[in-house]
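Me: I am new to this one. Please show it to me, and then let me ask how the terms are earned.

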Protein chains: 2
Amino acid sequence: MSDNDVFLADCPARTTLRLIADAWSVVVVYGLGQGPLRYSELAGRIGGISNKVLTQTLRRLERGGLVERRPLATAPPGAEYRLTPLGRSLLDPVSVLARWAEDHADELGGDD
Amino acid sequence: MSDNDVFLADCPARTTLRLIADAWSVVVVYGLGQGPLRYSELAGRIGGISNKVLTQTLRRLERGGLVERRPLATAPPGAEYRLTPLGRSLLDPVSVLARWAEDHADELGGDD
DNA sequence: CAGTATCCTATCGGATACTG
DNA sequence: CAGTATCCGATAGGATACTG
């Protein structure tokens with residue numbers, strides 16, 4: 001009864017988990033895993049995400065300190081997103097999850 | 001551009017991820033990680049989850065093939081939940097995530 | 001004990017259109 | 001290009017009460 005008290009009650013770990021407990025956060029973090037990307041590059045790489053949701057997700061991750069936004073002084077103007085060190089620390093868990101997801105994608109019933 | 005095509009577009013991995021992309025699935029799976037539990041034991045261990053949501057989450061995981069429900073022929077009647085082999089395979093990613101969540105809980109801004 | 005039933009709110013997520 | 005604005009529908013999630 002000692003190594004399983006991580007997600008008990010309202011422990012901080014639960015709050016932390018909630019930051020990424022949605023359909024897109026993990027994907028976005030994973031998408032930024034190889035390095036900084038511009039908004040449109042990120043959108044293109046992810047595919048199937050709406051402007052609204054991508055922006056929303058980025059803002060949430062920004063507030064959480066996982067992602068950093070950098071305006072680019074280019075013409076036309078642009079913006080770049082990158083993982084913070086904290087964000088990069090999430091890359092490991094996310095990769096493990098990604099591997100699991102791809103390895104077992106065929107085994108589960110989505111809409112039985 | 002080759003090892004990062006896991007979460008691209010509508011790949012199966014994304015569908016898989018969606019099964020557990022909510023606030024409670026991970027917690028429930030984690031909660032069942034040490035072995036089968038009765039409904040009330042599970043609820044007690046998790047804490048702070050409503051009946052409705054716990055049931056909902058268990059049913060979703062059941063449909064996904066991650067959790068198995070076993071009615072108990074006891075008096076008073078009960079039910080037991082356990083991870084399937086597939087569910088147990090999720091335990092690894094989930095544990096990694098749990099460790100990350102507890103390790104970095106203090107570093108992120110929840111409501112800045 | 002193990003749920004189900006209701007109700008209600010908040011957030012998620014998609015589509016479309018518009019702007020600095 | 002990189003968003004914002006708006007509208008809308010679908011879930012998620014919480015509280016409370018009730019049942020086999």
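Reply: Start with a term. A polar contact is a pair of N or O atoms within 3.5 Å; within protein, one must be able to donate a hydrogen and the other to accept it, and residues adjacent in sequence count only if both atoms are side-chain atoms. This is a predicted model, where local features need pLDDT of at least 70, side-chain atom pairs count only at pLDDT 80 or more, and totals for chains, interfaces and linings use all residues. Residues are numbered from 1 along each chain as written, chains are lettered from A and ligands numbered from 1 in the order written, and side-chain values use heavy atoms, without hydrogens and water.

Me: What makes a polar contact between the side chains of Asp22(A) and Ser25(A)?

Reply: Their distance is 2.5 Å. The limit is 3.5 Å, so the pair counts. The side chain of Asp22(A) also has a polar contact with that of Arg60(A), at 3.0 Å.

Me: Why is Asp22(A) called buried?

Reply: Its relative accessibility is 17%. Buried means under 20%, exposed over 50% and partly exposed in between, with a 1.4 Å probe and protein chains only. Therefore Asp22(A) counts as buried.

Me: What makes a residue near DNA strand C, and how many residues surround the strand?

Reply: A heavy atom of the residue must lie within 4 Å of the strand. 20 residues surround DNA strand C, and Ser40(B) and Tyr81(B) are among the closest. A polar side-chain atom of Ser40(B) is 2.5 Å from a phosphate oxygen of the strand. For Tyr81(B), the corresponding distance is 2.6 Å.
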